[in-house]
Amino acid sequence: MCPTEDHHVSSIVYGRTTNLQPLGVDSAAARQGIKRFELPDEEMDSRLAQRFVQDELLLDASPALNLASFVTTYMEPEAEQLMLQNLSKNFIDAEEYPSCAEVEMRCVNMIARLFNAPLDDPTSEALGVSTVGSSEAIILAVLAAKARWKEMRLAAGKDASKPNIVMNAAVQVCWEKAARYLEVEEKYWYCRPGQYVLDPQEAIDLVDENTILVVGILGTTYTGQYEPIEKLNALLEEKCQKTPGLDVYIHVQVLSRVASINASGHKYGLCYAGVGWALWRGKQFLPDSVCFTVNYLGSPQVSFTLNFSKPAINVIAQYCKSESLIPNKTAHESSDQFLRLGKAGYRAIMETLTSTADYVAEEVMKLNGGDFFELLSEGQAQGLPLVAWRIVKADCPYDDTMAPHTEEMKLLRVVTFLRDLKDTLHYLDHAPAEIQKHLSKSEGSGTLAVAASRVKHSKKQNVHLHEKHSLQGKYGKTHAIC
């Protein structure tokens, strides 16, 4: 029996996608196949093209089973329907789609208020912008900080050719990109066994007159721990007051010396990939020199993003997800009117995630007699709701590498359910000697080997696999999932 239209797996070999074409046309197309790198010479039926692509994507994993990322893989049907309805809107066209610009500004102000932005009154507008993710938001923050620092240095008649950023070497690779692309020196505080978040005093000791930003991370991607931002802020404030001409700020959370902050909408903002947020404390931290006024389709507007055109659907989805109509609230209280989840909804989800993480951590620590793993992450809502651990036994062959200067420490990052983890440990412990030997080979273990094995089909992807300029190239750092 021939497969149905819903059963598209290689079903083009059975004849045709539409009764409007001769029988066998699709079968002929299936025999010929499609060229991998060349545009086809002729057009094809839209349903046939759809089948080719659907068959190509069958090897992808199910997003519902993708636990390897913080990125959201589920949104409610109503949100998906809203995204489909606005799929064709170009966000940059504020003249044609003014409501999209309004939605962005509402989101910026809601997020700013969540982080206690220093706004004068409930009607004050925060300064921020939507981005396609954390990477763009971070690059924009670094760009603004560099421009501000450069203007101050030049106004004082000082050299402005050697800007630097102070940060933990356990940062996600987007910070390396920002520094490299914008020609800013990276000044790292390095992890050590037992301490994987910034030591505030040691970090502030790295600050000098060329420092444009100090980076603080609320939830590292290795262990999920929160860096001591408040202490970092106090020490930086003290150093700037004691050092004439020193005016350095932090990028992260709003405290007295925090200039900017970024948040990822497609992680704990619970939206599909493609939305992030960058916010600044005030206009003095976003110099005019990095902003552009453009007249786009008759509407003058200020632009401060890396790319111009982008879909509006992710910003709309964030608004749908993050605001909820609460009864008995007046118009001037709009900052508390969250659609759908609201503060209570987000709080409930995070509490559930935290409880789950605490349970998984407890169960992991019971495995193999209770002395096999050391827990690295923080529980009880003292860090992100994740579980990170390392193998205590030095002779264990299955592991990954920790951050620079702790690369001798082996960190286990597993995408699994507890049952699968238990089965895996049992298999590895009882595997034949040859398999154990194979697993222990340096060229065959860890995340890099897995990554390399996945890109063998494409020569282009392998061109820079062995670069030496990044933290991964220098220290073998296996970047944590993001």
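**Exercise 1. Determine which residues of helix H8 are buried in this predicted model, and what covers them.**

Solution. Begin with the list of buried positions, which in H8 consists of Ile 229, Leu 232, Asn 233, Leu 235, Leu 236 and Cys 240. Next, look at the surroundings of these residues: their cover includes H7, E4, strand E5 (250-251) and E6. Finally, consider the helix as a whole, which has 14 residues and reaches 20 Å from its first C-alpha to its last, close to the 20 Å expected at 1.5 Å a residue.

**Exercise 2. Describe the largest nonpolar core of the chain, and find out which parts of the chain supply it.**

Solution. The first step is to state its extent: the largest nonpolar core has 29 residues, and those with the most contacts inside it are Val 207, Val 214, Leu 232, Leu 236, Val 248 and Ile 250. The second step is to ask about helices, and here helix H7 (200-205) and helix H8 (229-242) each supply at least two residues of this core. The largest share, 5 residues, comes from H8. The third step concerns domains, since the core draws at least three residues from each of domain 2 (84-319) and domain 3 (346-435 + 465-475).

One core residue can then be followed in detail: when neighbours within four places in sequence are left aside, Val 214 is in contact with Val 166, Val 207, Leu 232, Leu 236, Val 248, Tyr 249, Ile 250 and His 251. A second, separate core has 24 residues, including Val 108, Val 275, Val 315 and Ile 316.

**Exercise 3. Decide whether Ser 264 is buried or exposed, and list the residues that Ser 264 contacts.**

Solution. Locate the residue first: Ser 264 belongs to strand E6, which covers residues 258-264. The relative accessible area of Ser 264 is 15%; because the cut-off for a buried residue is under 20%, Ser 264 counts as buried. Now turn to its polar contacts, of which one joins the side chain of Ser 264 to the side chain of His 266 at 3.4 Å, and another, of 3.4 Å, joins the side chains of Ser 264 and Lys 267. Setting aside neighbours within four places in sequence, the residues in contact with Ser 264 are Ser 134, Gly 269, Val 275 and Gly 276.

**Exercise 4. Place Asn 116, Asn 368 and Asn 210 in their loops, and classify each by its accessibility.**

Solution. Take Asn 116 first, which lies in the loop between helix H4 (98-114) and strand E1 (127-131). With a relative accessible area of 56%, Asn 116 is exposed, because the cut-off for that class is over 50%. Its phi is positive, about 60°, although Asn 116 is not a glycine. To see why such a value deserves a remark, recall that most residues other than glycine have a negative phi.

Continue with Asn 368, found in the loop between H10 and strand E10 (373-375), where its phi is also positive, near 50°. At 33% relative accessibility, Asn 368 counts as partly exposed.

End with Asn 210, which sits in the loop between H7 and strand E4 (211-215) and, at 14% relative accessibility, counts as buried. Not counting residues up to four places away in sequence, Asn 210 touches Trp 149, Arg 153, Asp 159, Lys 162, Pro 163 and Asn 164.

**Exercise 5. Examine helices H10, H6 and H11 for buried residues.**

Solution. Helix H10 (residues 342-364) has 23 residues and reaches 33 Å from its first C-alpha to its last, close to the 33 Å expected at 1.5 Å a residue. Its buried residues are Gly 342, Gly 345, Tyr 346, Thr 354, Ala 357, Ala 361, Glu 363 and Val 364. In helix H6 (residues 173-181), the buried residues are Cys 174, Trp 175, Glu 176, Ala 178 and Ala 179, and just after H6, Glu 183 takes a positive phi of about 55°. In helix H11 (residues 418-429) one finds Leu 421, which is buried, with a relative accessible area of 4%. The C-alpha atoms of Leu 421 and Leu 367 are separated by 9.3 Å, although these residues are 54 residues apart along the chain.

**Exercise 6. Summarise the chain as a whole.**

Solution. Count the elements first: the chain contains 14 helices and 13 strands. Then consider burial, where buried residues make up 43% of the 482 residues. The exposed area is about 26,700 Å², of which carbon and sulfur atoms supply 55%. Lastly, among contacts between residues at least 6 apart in sequence, 60% join residues at least 24 apart.

Conventions:
Residues are numbered from 1 along each chain as its sequence is written. This is a predicted model: local features need pLDDT of at least 70, side-chain atom pairs count only at pLDDT 80 or more; totals for chains, interfaces and linings use all residues. Side-chain values use heavy atoms; hydrogens and water are left out. Helices (H or I, at least four residues) and strands (E, at least two) are DSSP runs, numbered from the N terminus. Buried means under 20% relative accessible area, exposed over 50%, partly exposed in between (1.4 Å probe, protein chains only). A polar contact is a pair of N or O atoms within 3.5 Å; within protein, one must be able to donate a hydrogen and the other to accept it, and residues adjacent in sequence count only if both atoms are side-chain atoms. Contact means heavy atoms within 4.5 Å. Accessible areas come from the Shrake-Rupley method with a 1.4 Å probe; for residues, only the protein chains shown count as cover. A nonpolar core is a set of buried Ala, Val, Leu, Ile, Met, Phe, Trp, Tyr and Cys residues joined through side-chain atoms within 4.5 Å. Domain bounds come from an automatic or database domain assignment. The expected span of a helix is 1.5 Å times one less than its number of residues.
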